[in-house]
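Let's take a look at how this protein holds on to its ligand. The sequence and the model come first, then a walk through the binding site and the overall fold.

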Amino acid sequence: MNQVIQLLNAHRSIRKFTDKPVSQEQINRFIQAGQAAATSSFIQACTVIQVNDSEKRASLAEWAGNQTYVKEAPTFLVFCADMKRHQLSCDMHDAEMLSGFTEQFITATVDCGLFAQNVAIAAESEGLGVVYIGGLRNKIDLVSDALNLPELVYPVFGMCIGDPDQDPEVKPRLPLDVVLKHDQYDDSQDKELIAAYDQDVQAYYKSRTGGQKDMTWSEQISGMLQKEARPHMLSFLQQRGFLQK
Ligand SMILES: Cc1cc2nc3c(=O)[nH]c(=O)nc-3n(C[C@H](O)[C@H](O)[C@H](O)COP(=O)(O)O)c2cc1C
């Protein structure tokens, strides 16, 4: 296995960091690696807000559901899907931008995911640890106002980056046959495969938590999916000019 694939397979989220700062040169390098990701129709629709202000960080940590590492990580980035510069480009050419298409929402959001994952890999390649923070969307309105985000821009997720102060095990992933299908969708074996995978996840959680967390993957997912998923998102995104049609 080559070194790149080894690095990818060694990923685990880090939620505890030392005080060692991440230099601005490093961050700039990671962001440029993010920019190098493929981008739908060259739209380059991701803007990153690096949040250094400690009061803002404290608010973001609280709004994300009291995730203390948002406040404590050496670096915190917010990845925003951004169609505002496209509006500007149209203005520069006296063109009327037809905005609000679901397709534009998808492409801008996918752009952010690809950009951010490059940033994560770049950081991990320099020995740092990262964790994504989707919890920011709990209070997406407050987050957007605190960061002064205009229409056509929304925060997709945050990311903590820093020197790891913990060494968690790599979390086992679904078996290859569940996620890779050949020529057509066929989930006839999935139930059995997931039941076997459940045992791996249960063992992982038990070992990670000294026996305290005793849960399988399908239990975790079924518990989560019985709850509403941030039902405020659609109206928020529509207010900000996304998902109109
Ligand atoms: C978009 C996204 C949002 C996430 N949000 C959070 C979060 O708010 N808090 C957190 O602790 N982890 C968060 N995570 C991390 C996931 O929980 C983690 O990636 C997953 O459990 C797999 O574990 P691993 O990254 O250690 O392999 C998020 C991951 C992604 C991709």
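How far is an oxygen atom of the ligand from an N or O atom in the side chain of lysine 171? The distance comes out at 2.6 Å. Keep in mind that this is a predicted model, so to speak a computed picture of the site.

Lysine 171 has company. Tyrosine 69 also uses its side chain, putting a polar atom 2.8 Å from a ligand oxygen. Glycine 134 works through its backbone instead, with a polar atom there sitting 2.7 Å from a nitrogen of the ligand. Here are the three side by side:

| Residue | Protein atom | Ligand atom | Distance |
|---|---|---|---|
| Lysine 171 | N or O, side chain | oxygen | 2.6 Å |
| Glycine 134 | polar, backbone | nitrogen | 2.7 Å |
| Tyrosine 69 | polar, side chain | oxygen | 2.8 Å |

On its own the ligand has 610 Å² of accessible area, and the protein covers 69% of that.

Now for the surroundings. The ligand has 14 residues around it, and the ones that come nearest are His11, Ser13, Arg15, Gln67 and Lys171. By character, the shell splits into five nonpolar, five polar and four charged residues. Strand β3, which runs over residues 129-133, gives the largest share of that shell, with three residues. And the spot the ligand takes up is the largest pocket.

Zooming out, the chain folds into 11 helices and four strands. Its radius of gyration is 20 Å, close to the 18 Å that the globule rule gives for 245 residues, so the chain is as compact as a globular protein of that length. Along the principal axes, its C-alpha atoms fill a box of roughly 60 × 50 × 40 Å.

How values were computed. Residues are numbered from 1 along each chain as its sequence is written. This is a predicted model: local features need pLDDT of at least 70, side-chain atom pairs count only at pLDDT 80 or more; totals for chains, interfaces and linings use all residues. Side-chain values use heavy atoms; hydrogens and water are left out. A residue is near a molecule or strand if one of its heavy atoms lies within 4 Å of it. A polar contact is a pair of N or O atoms within 3.5 Å; within protein, one must be able to donate a hydrogen and the other to accept it, and residues adjacent in sequence count only if both atoms are side-chain atoms. Accessible areas come from the Shrake-Rupley method with a 1.4 Å probe; for residues, only the protein chains shown count as cover. On a 1 Å grid over the protein atoms alone, a cavity is a set of points where a 1.4 Å probe fits but cannot get out, and a pocket is an open set with protein on both sides within 12 Å along at least five of seven lines; lining residues have an atom within 4 Å of a point. A molecule sits in a cavity or pocket if more than half of its atoms lie within 2 Å of its grid points. Helices (H or I, at least four residues) and strands (E, at least two) are DSSP runs, numbered from the N terminus. Ala, Val, Leu, Ile, Met, Phe, Trp, Tyr, Cys and Pro count as nonpolar, Asp, Glu, Lys and Arg as charged, and the others, Gly among them, as polar. The radius of gyration is taken over C-alpha atoms; the globule rule is 2.2 Å times the number of residues to the power 0.38.
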